[in-house]
Amino acid sequence: MVCYTRIGWCSHNNTVSQPRDVTALVEHLGKIASAAPKTPFLYYHFPEMTGVNIPVYDVLVEGSKVIPTLSGAKFTSLDLGDYYRCVALEGKKRERVFFLPCFSILSFGSGGRFSILQGYEQMMLPCLSLGARGFIGLSYSYCAPIYHRLIEAVRKGDMATARSLQLKVPVFG
């Protein structure tokens, strides 16, 4: 699947011929990214859909060596360990926002080298506690007030309110 955007695009791996390791996945993504060599490229990690569960951290580290436009990942997984390692790669804060058709982005700045956008709405609260700065999903436009209040509650340290708001978030899938 490939999603085109005004300032970037993303792709996940082929579900027919699944890569056996990070090298094969990076090679596959590199071929796709090379089609638009000046456009930021996001890896779309969705192991429940693709059946490929190669750590995104490994994809970013190895991919950044050979894919100059690799800008981050849409991280649609429940693996908080891998997610946190990716967020830690972000580095120094810098503003960057991605716009994808059919999806809404909730972003309040990203890191330096990579943008790690969490793709599961129900993972907002745990990911905020790990340093998340961006989210991408179906419900961010029509549930925006809930998400904004949840983020503000976390910023104020009001975890009881944040937990209550997280329970109001729709679960897809």
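Thr39 is partly exposed, with a relative accessible area of 25%, where buried means under 20% relative accessible area, exposed over 50% and partly exposed in between, for a 1.4 Å probe and protein chains only. Thr39 belongs to the loop that joins helix 1 to strand 3 (41-45), and its C-alpha atom is separated by 6.4 Å from that of Thr69, although the two residues are 30 apart along the chain. The structure is a predicted model, in which local features need pLDDT of at least 70 and side-chain atom pairs count only at pLDDT 80 or more, while totals for chains, interfaces and linings use all residues. Residues are numbered from 1 along each chain as its sequence is written, and side-chain values use heavy atoms, with hydrogens and water left out.

The protein chain holds seven helices and seven strands, which are DSSP runs numbered from the N terminus, with H or I over at least four residues for a helix and E over at least two for a strand. Read from the N terminus, the order of these elements is β-β-α-β-α-α-β-α-β-β-α-β-α-α. Of the 173 residues, 51% count as buried, and the accessible surface of the chain amounts to about 8500 Å², of which carbon and sulfur atoms hold 58%; these areas come from the Shrake-Rupley method with a 1.4 Å probe, and for residues only the protein chains shown count as cover. Among contacts (heavy atoms within 4.5 Å) with a separation of 6 or more, 66% join residues that lie 24 or more positions apart.

The confidence of the model is described by pLDDT, the predictor's confidence in each residue, from 0 to 100. The average over the protein chain is 82, and 76% of the residues score at least 70. By element, the mean is lowest in strand 1 (residues 2-4), at 46, and highest in helix 7 (residues 159-166), at 97. Over residues 1-7 the pLDDT is below 50, and this stretch has 22 contacts in the model beyond near neighbours in sequence. For residues 92-103, pLDDT likewise stays under 50, and the model has 46 contacts for them beyond four places in sequence. Where pLDDT is low, the predicted coordinates should not be read in detail.

Helix 1 (residues 22-33) consists of 12 residues and reaches 16 Å from its first C-alpha to its last, close to the 16 Å expected at 1.5 Å a residue, the expected span being 1.5 Å times one less than the number of residues. Its buried residues include Val22, Leu25, Leu29 and Ile32. At the N-terminal end of helix 1, Asp21 acts as a cap, with a side-chain oxygen 3.2 Å from the backbone nitrogen of Thr23. Helix 6 (residues 144-156) has 13 residues that should span 18 Å at 1.5 Å a residue, and its end C-alpha atoms, 18 Å apart, agree with this value. Ala144, Ile146, Tyr147, Leu150, Ile151 and Ala153 are buried in helix 6, and just after this helix Gly157 takes a positive phi of about 80°.

Ile151 of helix 6 also appears in a pairing with Leu128, the two being 23 residues apart in sequence and 7.8 Å apart in space, C-alpha to C-alpha. Leu128 is placed in helix 5 (residues 124-129) and is buried, with a relative accessible area of 12%. Ala88, by contrast, is exposed, with a relative accessible area of 57%, and has its place in helix 4; its C-alpha atom is separated by 9.5 Å from that of Tyr57, which is 31 residues away along the chain.

Ser77 occupies the loop between strand 4 (70-75) and helix 4 (80-89) and is buried, with a relative accessible area of 7%. The side chain of Ser77 reaches the backbone nitrogen of Asp79 at 3.2 Å. Leaving aside residues up to four places away in sequence, Ser77 touches His45, Pro47, Gln118 and Tyr120.

Turning to the cysteines, Cys86 is buried, with a relative accessible area of 0%, and Cys143 is also buried, with a relative accessible area of 10%. A disulfide is a covalent bond between the sulfur atoms of two cysteines. With a disulfide taken as a pair of cysteine sulfur atoms within 2.5 Å, the count comes to zero.

Note on methods:
A polar contact is a pair of N or O atoms within 3.5 Å; within protein, one must be able to donate a hydrogen and the other to accept it, and residues adjacent in sequence count only if both atoms are side-chain atoms.
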